[in-house]
Amino acid sequence: MLEVKNLHVQVDDKEILKGMNITVAPGEVHSIMGPNGSGKSTLAQVLAGKEAYEVTEGEVTFQGKDLLDLEPEERACEGIFLAFQYPVEIPGVANTYLLREALNAKREYRDEKPLKHVEFGKLAREKMKALGIDEDLLKRSVNTGFSGGEKKRNEIFQMQILEPTLAVLDETDSGLDIDALKIVANGVNSMRDSGRSFIVITHYQRLLNYIVPDFVHVMVDGKIVRSGGKELAHELEEKGYAGF
Amino acid sequence: MAIVFDGTRESYVERLSEFLDSEQKNAPEWITTLRREAISGFAELGFPTLSDEEWRFTNLEALRRGSFSIAENGISGVSKKSVDSYGFPGLDCPRLVFVNGRFAPSLSDTVDAGKGILVKSLSEAISEQGDLVKDHLARYADYEKDAFISLNTSYFEDGVFVYVPDGTVFEQPVHVLHVSTDEGRPLFINPRNLIIVGQSSVAKVIEHYVSASQSVYFSNVVTEVVCGENANLEHYRLEFESQKAFNFSTLRVNQQKNSNIASHSVLCGGAIVRNNVHPVLAGEGCNSDIYGLFISEGRQHMDNFMRVEHASPHCDSRQFYNGVLDGRSKGVFHGRILVHEGAEKTDAKQTNRNLLLSDTAQIDTKPQLEIYNDDVKCTHGATIGQMDEEALFYLRSRGISVRQAKIIMLQAFTGETLEHMSIDSVREALESVVMKWFEQRLENGKGR
Ligand SMILES: Nc1ncnc2c1ncn2[C@@H]1O[C@H](COP(=O)(O)OP(=O)(O)O)[C@@H](O)[C@H]1O
Ligand SMILES: [Mg+2]
């Protein structure tokens, strides 16, 4: 599904990703762990198409297509979703408006009819209920004045509505209390199936008790330095990143 | 013979007798006296220059060099159909039409709202309600201090007169449409409006300025508003004039005790535009909400001049002005708040936000607080920036096209001021005008 080969990325002439490799097959859940500043968010943003990051070497293919050739919105329509580490506040744009526009853009891309207001409302309410999100969050401006937990839950809510093929979750667990963490994990687990993959970026092993990954990768200084199964997360928890 | 002004101070002063003899020969004595008094104001003042503190950012050289004349051709250039095209879909309300500053009865509705409400042309009101008009006309807009007000007071021909007696709710808005036409030479047009809202009464007035052609002219509007005790007025000034016109306008509001106004200005047309909003919160417990949106492109120049005058205790005022500037256009926001000595417990707030769509657009924003007592709360804030790249990327990462993402961002920005309009059909029409304007910018490859 996703193949990242020898990816080098610069920002402001500073190399951040230094030969990143990862291959994700359909249905798999990969976790990327690593110390602060190792380049995890950079990878996530590059996958989503952020222009400030300059790819100097390497390639990324997604479902057979050259991902780096696509605009951010095309990537989203092709099935990529990024849950931002720091979701952006957009005053004046209602959450529900963004979501309906996003969903309908994706449907249009697939030559499907736009969803009517009523149908969208029904869908949104269903998903919100499951995530324990208050309905008035729909009417509020995107992420504006949301608590940290609300922002993260809102990202998962968007993911559920948009039903991506590959979801990249960038530290969606940080700053969550245990109840919120479980809700987020349930939100992810309920979407796991043989055709959908996840890259779960986290700093802590805690989340992986709830979202059990198929593979764990350790990222240090812009590359993967070790990969293994879920037990690698436990090892990291005990020994820390110092050994890498 | 046309009455022509060559741009000099003398020409505007000297042509008045000609104007009085031809256009105004049947006017009542007191109006003629008023006009004469007013022109002596202009004789003293002349047009302001850049060294005038209140005109620092707006150069009137082109106006001073321009030759303009009084319109002669009546209303023939404007059809019912074209007037209808300026309506607001879904808005059912009476409309009065003025062409080049003159009343066009054949294009206007006769308003019979009952309850003693009067909606008619000012010239009719001068002959039919002389005493009432005399009590208010030129009592607030000071022709001794402001050159444009003195010119208007000297040369106005017509405009709307709205009178809502005490204790009366006038539900329907009034749509006042001012159309300018091309008569082959640049015109000098002076619409004059007078709105009187009685004690505990309610009114809504939409002043709407459009051009039938993209010609050069000098339009100079003065609107005086009297808001009686506990009265409530919502006022709109929608300026969609020719991109080649010089547009000056003043809204002068006198607010009595516990009265409430909402003023909405939307400026889109004009080459050099100056919009003065000047409420005086004269009685205790007044509230003024002043909203503005200006959008400019090319070499347009838009100067928004606020003068919010707190003259009594316990009054609140709010200014929310947003500007969107593209091309080489220039904007000015000059927000003056004047708090008089006795106006304790004043609460005045001012916000001006500007979105620059090009590297060459420019905005000068200047708050100016003049406070003569200690017991006040005054805040102001201004921002200038380009479209938020992070927000655009966030929207795009959800599948929304870059074009649509920009449109959403612009909608949000302009909505901050438009959303306060209580007349939905007007707000929606303006939203779509603003969107069309922006789509045009995007098509030109700008508007990033
Ligand atoms: N936009 C940027 N401009 C400059 N430096 C950046 C930018 N984004 C990230 N970096 C730098 O790149 C490195 C990796 O950052 P990041 O990808 O956020 O790491 P992580 O998510 O693993 O904590 C850090 O040293 C950070 O300071
Ligand atoms: Mg990070």
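I took helices as DSSP runs of H or I with at least four residues and strands as runs of E with at least two, numbered from the N terminus. On that basis I counted eight helices and 12 strands in chain A of this structure, which is a predicted model.

**Entry 1, overall form of chain A.** I looked up the radius of gyration of chain A and found 18 Å, close to the 18 Å that the globule rule gives for 244 residues, so chain A is as compact as a globular protein of that length. Along the principal axes, I noted that the C-alpha atoms of chain A fill a box of roughly 55 × 40 × 35 Å. I then turned to burial, and buried residues came to 41% of the 244 residues in chain A. Among the contacts in chain A with a separation of 6 or more, I found that 70% are accounted for by residues 24 or more positions apart.

**Entry 2, strands around β11(A).** I followed β11(A), residues 215-220, to its two partners listed here: it pairs in the parallel sense with β3(A), residues 29-33, over four bridges, and in the antiparallel sense with β12(A), residues 223-228, over five bridges. Which residues stand opposite Val216(A) in these pairings? On the β3(A) side I found Ser31(A), and on the β12(A) side Gly228(A). I also checked the hairpin of β11(A) and β12(A), where two residues lie between the strands and Asp221(A) takes a positive phi near 50°.

**Entry 3, the shell of ligand 1.** I listed the residues around ligand 1, and they include Val11(A), Asp12(A) and Ile16(A), the residues Gly37(A), Ser38(A), Gly39(A), Lys40(A), Ser41(A) and Thr42(A), and also Ala52(A). Which element gives the largest share of this shell? I found that helix α1 of chain A, residues 40-48, does so with three residues. Sorting the shell by class, I obtained three nonpolar, seven polar and two charged residues.

**Entry 4, the contact of chains A and B.** I found that the contact takes 21 residues from chain A and 18 residues from chain B. On the side of chain A that touches chain B, I noted that the elements giving two or more residues are α2 (72-78), β7 (90-94), α3 (95-109) and α6 (148-162) of chain A, and that the largest share, five residues, comes from α3(A). By class, I recorded 14 nonpolar, three polar and four charged residues on this side of chain A.

Note on methods
Residues numbered from 1 in each chain as written. Chains lettered and ligands numbered in written order. Predicted model: local features only at pLDDT ≥ 70, side-chain atom pairs only at ≥ 80, totals over all residues. Pairing = 2+ DSSP bridges. Near = placed C-beta within 6 Å. Nonpolar A, V, L, I, M, F, W, Y, C, P; charged D, E, K, R; others polar. Contact = placed C-beta atoms within 7 Å. Rg over C-alpha atoms; globule rule 2.2 N^0.38 Å. Buried ≥ 20, exposed ≤ 12 C-beta atoms within 10 Å, placed from the backbone.
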